[in-house]
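Hi,

Here is the structure I said I would pass on. Have a look at it first, and then read on for what turned up.

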Amino acid sequence: MKAVRLVQPGRPLEARDVPIPQPGARDVLVRVMAAGICHSDAHYRAGRSRVEPLPMTLGHEVAGIVEQTGAEVSRFKAGDRVCVHYLVTCGE
């Protein structure tokens, strides 16, 4: 899949091919349709906030469609529309 990645702070972002992740038993794989870049991403790129490991795909405010679910997932199914935020979770 294509991803825009931070390779090194202070340098331009790079479009790269990365492997599609395989969801674990309690994971959901989401096809990202839109991702927001926020202040933390801008700080990572500028080198104002430490970020590891690199390279990293930026954009953690995401909207998309569930592609695949793990064996233990019951609240979501393929085709569900979802929005994802790294701080707001279902706790599971």
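A quick word on classes before the pocket: Ala, Val, Leu, Ile, Met, Phe, Trp, Tyr, Cys and Pro count as nonpolar, Asp, Glu, Lys and Arg as charged, and everything else, Gly included, as polar. Also keep in mind that this is a predicted model.

With that split, the lining of the largest pocket comes out as 24 nonpolar, 7 polar and 9 charged residues. That lining is made of 40 residues in total, and the space inside the pocket is about 1,400 Å³. If you want to centre a view on it, Val 28, Leu 29, Val 30, Val 62 and Val 84 are the lining residues that lie nearest the pocket's centre.

Which strands feed the lining? At least two residues each come from S1 (2–6), S3 (28–36), S5 (61–69) and S6 (81–85). The biggest contributor is S3, which gives 6 residues.

Some of those strands are also paired. S3 and S5 run antiparallel to one another, joined over 8 bridges, and in this pairing Leu 29 sits opposite Gln 68 of S5. S5 also pairs with S6, again in the antiparallel sense, over 5 bridges. There, Val 62 has Val 84 of S6 as its bridge partner.

Now the charged side chains. The structure holds 5 salt bridges, and three of them are worth describing here.

Glu 67 and Arg 31 form one, with their closest N and O atoms 2.9 Å apart. Since Glu 67 is in S5 and Arg 31 is in S3, the pair ties together parts that are 36 residues apart in sequence. How open are the two ends? Glu 67 is partly exposed at 38% relative accessible area, and Arg 31 is partly exposed too, at 48%.

Lys 2 and Asp 17 make another, at 3.3 Å from N to O. This one links distant parts of the chain, with Lys 2 in S1 and Asp 17 in S2 (residues 14–17), 15 residues apart. Both ends count as exposed because the cut-off is over 50%: Lys 2 has a relative accessible area of 65% and Asp 17 has 59%.

Finally, Arg 50 bridges to Glu 52, where the closest N and O atoms are 2.5 Å apart. Arg 50 is exposed, with a relative accessible area of 71%, and Glu 52 is exposed as well, at 54%.

Cheers

Key:
Residues are numbered from 1 along each chain as its sequence is written. This is a predicted model: local features need pLDDT of at least 70, side-chain atom pairs count only at pLDDT 80 or more; totals for chains, interfaces and linings use all residues. Side-chain values use heavy atoms; hydrogens and water are left out. On a 1 Å grid over the protein atoms alone, a cavity is a set of points where a 1.4 Å probe fits but cannot get out, and a pocket is an open set with protein on both sides within 12 Å along at least five of seven lines; lining residues have an atom within 4 Å of a point. Grid points are joined across faces, edges and corners, and a volume is the space filled by probe spheres set on the points. Helices (H or I, at least four residues) and strands (E, at least two) are DSSP runs, numbered from the N terminus. Two strands pair if DSSP finds at least two bridges between them. A salt bridge is a side-chain nitrogen of Lys or Arg within 4 Å of a carboxyl oxygen of Asp or Glu. Buried means under 20% relative accessible area, exposed over 50%, partly exposed in between (1.4 Å probe, protein chains only).
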